[in-house]
Amino acid sequence: MWYTLPWPPGCRTADRRAYAALGQALMGDEGSARQAARERCLARENAALTAAAHVLLDLVGQGWNVRVNDDEVWVAPPLRVADPVEEKHRVRRQELIKRDEQLATPSVRRFVASMEKPREFRGNFVSIFSLMRDGSELASALRALNSEGEAEPGRLRKVIDPYIQIVSGERCSQTGFKLMDIWRYFRHTWSNQYTSTPGRTMMFLVRDRAVPFHPVIGIAALGSAVVQLAERDDWIGWQPRVFLESLRADPTLRMARWITARLQTSLDELYVDDLVKDGLYWPSLWDNPASEAIERLLKEAESRRRDHHRFVRPTDFKKIHDADDVEGWRRRAESDLFRSKRCLALADLLGARQALAPYLYPKETSAGLSHALDNPKARRAIMSVLRRAKADAVGTEIADLTVCGAVAPYNALLGGKLVSMLAASPAVVMAYRQRYGAYASEIASSMAGRPIRRRSNLVFVGTTSLYGSGASQYNRIRIPPEVLGGSSAIEFRQLGRSKSFGTSHLSTESVRALVRLAERTAGGARVNSIFGEGVNPKLRKVRHGFDLLGWPSDTLLQHGRQRIIYGVSLVDNLLPYVLGVDAEPRYKFRRRPGRCDVDAISEWWMRRWLHPRSKSPTVLEAVAAHRVTRPVSHGARVTLPDLPLAPDEHEQLELY
């Protein structure tokens with residue numbers, strides 16, 4: 001299907017000619033003609049034309065077709081590749097565009113050079129290469145073990161002995177490097193760009209104490225979960241349609257009480273002092289909600305949102321470092337942004353209270369809940385309660401495994417499966433609780449005008465494959481109950497495929513140009529990238545940039561990379577717990593005295609995956625290919641794109 005990409009708005013005749021010439025150049029294969037047409041567009045110094053040129057070049061680079069009819073540019077997406085191997089190559093090519101852009105930046109190149117440069121630490125010269133296992137040595141050790149007979153886990157542990165190290169501000173006891181720098185270096189070996197994400201992030205290393213310096217087996221990171229993910233939410237059971245169907249099938253007194261309790265908790269977590277002072281709310285309004293009062297709150301929310309966009313300064317929303325700073329949270333709550341959000345939330349709560357009053361007040365009953373489910377307004381109120389319960393849990397007790405994998409030479413031994421299992425281990429659950437147990441929720445505290453601390457029991461981990469076809473390291477991962485002495489198996493379940501939507505196929509130049517266009521254009525929806533304004537401000541700016549160009553954003557933001565979605569439930573009572581119906585999680589594992597869960601999982605990995613692969617000559621040959629002897633030829637080394645070398649990089653190559 002062909003889509004027209006009209007001239008960018010505000011283009012003069014010369015601008016239009018430059019744009020059409022770029023389209024004509026992109027129809028051919030001559031690189032110099034494309035470059036000249038690109039420079040001609042950029043020389044016009046028109047923000048809309050600059051954004052259009054960058055995006056058009058990206059689309060062609062991703063395999064889109066271009067044609068020009070009567071100076072009008074049309075594009076068509078590439079045909080979907082049926083061959084899974086070729087599809088992986090296509091996705092990898094897309095990912096490498098941004099990855100190589102990042103590795104070409106001077107700051108990243110300096111960082112890589114500094115990590116590879118030898119330094120003295122406790123009488124030894126060390127570098128990041130000290131944390132890479134020599135594949136030849138590892139392959140020899142595995143061959144020797146196999147020559148002695150069956151390599152049981154106890155004997156394999158003499159060759160590979162994994163442990164988890166949570167990344168913090170501390171330094172590595174073996175090399176003196178900051179743990180964060182070690183993690184960052186190996187993250188740069190991934191085929192996709194390294195980006196930080198807002199919200200919670202807990203990184204960890206998996207290391208090998210069997211040899212000196214404890215080389216890195218793999219890296220992982222848990223981050224705040226995506227709020228809306230239909231496949232995950234369907235599986236958990238809290239998609240509105242699924243939830244209402246289950247509630248209708250069994251409308252219990254317990255669930256009726258849960259609904260009213262959630263409404264009351266939501267009200268208690270709203271700062272209303274200023275609203276009471278201004279006559280927008282009074283305590284008796286909760287018992288008898290009035291439609292006129294709800295309407296006034298909605299108008300106040302709209303007015304304060306406009307004021308926020310007109311007068312906001314990002315410096316007004318600096319992070320509150322002292323979680324117990326009640327005055328700081330109160331000031332945040334009274335800001336235009338959060339007063340607007342509080343008015344909207346209060347109006348929604350009052351509307352829900354009003355709709356449910358005939359059925360669940362003054363006393364909850366199962367019959368009342370059943371009747372409420374027959375009323376459209378009451379059903380919408382119940383869905384509103386569900387959304388709030390979901391929002392509380394998604395950001396705190398559900399996490400996404402945003403980074404997970406093994407580095408060479410352990411990747412050839414399916415070390416990625418070990419790292420994946422350890423990400424769902426009791427040790428990581430405990431580390432997560434210790435890190436975030438006293439953490440004050442940014443949004444909830446800003447709405448309450450006081451610190452609000454959510455439960456931090458990690459009960460579900462979600463992730464996606466890097467590619468949408470072929471094998472994935474998460475396939476067939478299952479920890480039997482006897483490994484951790486639990487009630488049931490912990491396993492990565494395939495939940496579906498993601499919608500291929502986002503900006504990952506666009507270059508940094510394109511994204512920057514679209515964002516700049518959105519920010520410079522008056523009269524548009526202003527997005528300030530302030531935490532609390534909404535989900536993914538960068539994506540909203542890019543979309544707004546496309547809208548200003550008059551281009552089909554829904555089409556152009558489809559990058560065509562469907563990924564496999566996986567989920568791991570760590571508890572037997574997932575839905576009741578995340579909704580708050582159950583007070584405590586029932587974990588599928590038990591912490592046993594004198595038994596390390598990391599060791600238990602490692603032994604299972606050795607039996608299930610390491611032992612069979614360690615007997616394969618082909619696998620051992622692949623392991624042995626990674627050498628840290630000079631010149632270093634190792635798959636765990638960052639491969640920088642070809643650029644003129646800085647002086648310190650020349651020194652690095654001379655040393656290694």
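Select Arg-332 and Glu-442 to begin, and you will find that their side chains meet in a salt bridge, with 3.1 Å from N to O. Arg-332 belongs to helix α14 and Glu-442 to helix α20 (residues 442-448), so that this pair links distant parts of the chain, 110 residues apart. Keep in mind during the tour that this is a predicted model. Are these two residues buried or exposed? Arg-332 is buried, with a relative accessible area of 6%, and Glu-442 is buried as well, with a value of 13%. Side chains of opposite charge can pair when their charged atoms come close.

Stay with helix α14 and select Glu-327 together with Arg-330, which both lie in this helix (residues 326-333), three residues apart, or about one turn of the helix. These two residues also form a salt bridge, and the closest N and O atoms are 2.2 Å apart. Glu-327 is partly exposed, with a relative accessible area of 38%, and Arg-330 is likewise partly exposed, with a relative accessible area of 24%.

Next, select Ile-320, whose place is in the loop between α13 and α14. At 13% relative accessibility, Ile-320 counts as buried, because the limit for that word is under 20%. Which residues is Ile-320 in contact with, once its neighbours within four places in sequence are left aside? They are Asp-325, Gly-328, Trp-329 and Arg-332, and the last of these is the residue that you selected with Glu-442 for the salt bridge at the start. If you now add Arg-262 to the selection, you can see that its C-alpha atom and that of Ile-320 are separated by 27 Å, while the two residues are 58 residues apart along the chain.

Arg-262 leads to another stop, where helix α11 (residues 253-268) and helix α17 (residues 376-394) pack at an angle of about 65°, with their axes 10 Å apart. The crossing of these two helices is left-handed. To show the contact, select Trp-258, Ile-259, Arg-262, Leu-263 and Ser-266 of α11, and with them Ile-382, Val-385, Leu-386, Arg-388, Ala-389 and Asp-392 of α17. Colouring this selection by class will give you seven nonpolar residues, one polar residue and three charged residues.

Return now to the salt bridges, of which the structure holds 41, and select Glu-300 with Arg-339. The closest N and O atoms of Glu-300 and Arg-339 are 2.9 Å apart. Glu-300 lies in helix α13 (residues 291-311) and Arg-339 in helix α15 (residues 336-360), so the salt bridge ties together parts that are 39 residues apart in sequence. Glu-300 is buried at a relative accessible area of 17%, and Arg-339 counts as buried at 4%. Extend the selection to Asp-274, Asp-278, Arg-304, Asp-336 and Arg-342, and you will have before you, together with Glu-300 and Arg-339, one network joined by salt bridges that share partners.

For the last stop, select helix α22 (residues 508-520), which has 13 residues. What distance does this helix reach from its first C-alpha to its last? The helix reaches 18 Å, which is close to the 18 Å expected at 1.5 Å a residue. Within α22, finally, highlight the buried residues, which are Ser-510, Val-511, Ala-513, Leu-514, Val-515, Leu-517 and Ala-518.

Terms used: Residues are numbered from 1 along each chain as its sequence is written. This is a predicted model: local features need pLDDT of at least 70, side-chain atom pairs count only at pLDDT 80 or more; totals for chains, interfaces and linings use all residues. Side-chain values use heavy atoms; hydrogens and water are left out. Helices (H or I, at least four residues) and strands (E, at least two) are DSSP runs, numbered from the N terminus. The expected span of a helix is 1.5 Å times one less than its number of residues. Buried means under 20% relative accessible area, exposed over 50%, partly exposed in between (1.4 Å probe, protein chains only). Axes are lines fitted to C-alpha atoms, for helices over the stretch in contact, and angles run from 0 to 180 degrees between N-to-C directions. A crossing is left-handed if the near helix is turned anticlockwise from the far one by less than a right angle, and right-handed if clockwise. Contact means heavy atoms within 4.5 Å. Ala, Val, Leu, Ile, Met, Phe, Trp, Tyr, Cys and Pro count as nonpolar, Asp, Glu, Lys and Arg as charged, and the others, Gly among them, as polar. A salt bridge is a side-chain nitrogen of Lys or Arg within 4 Å of a carboxyl oxygen of Asp or Glu.
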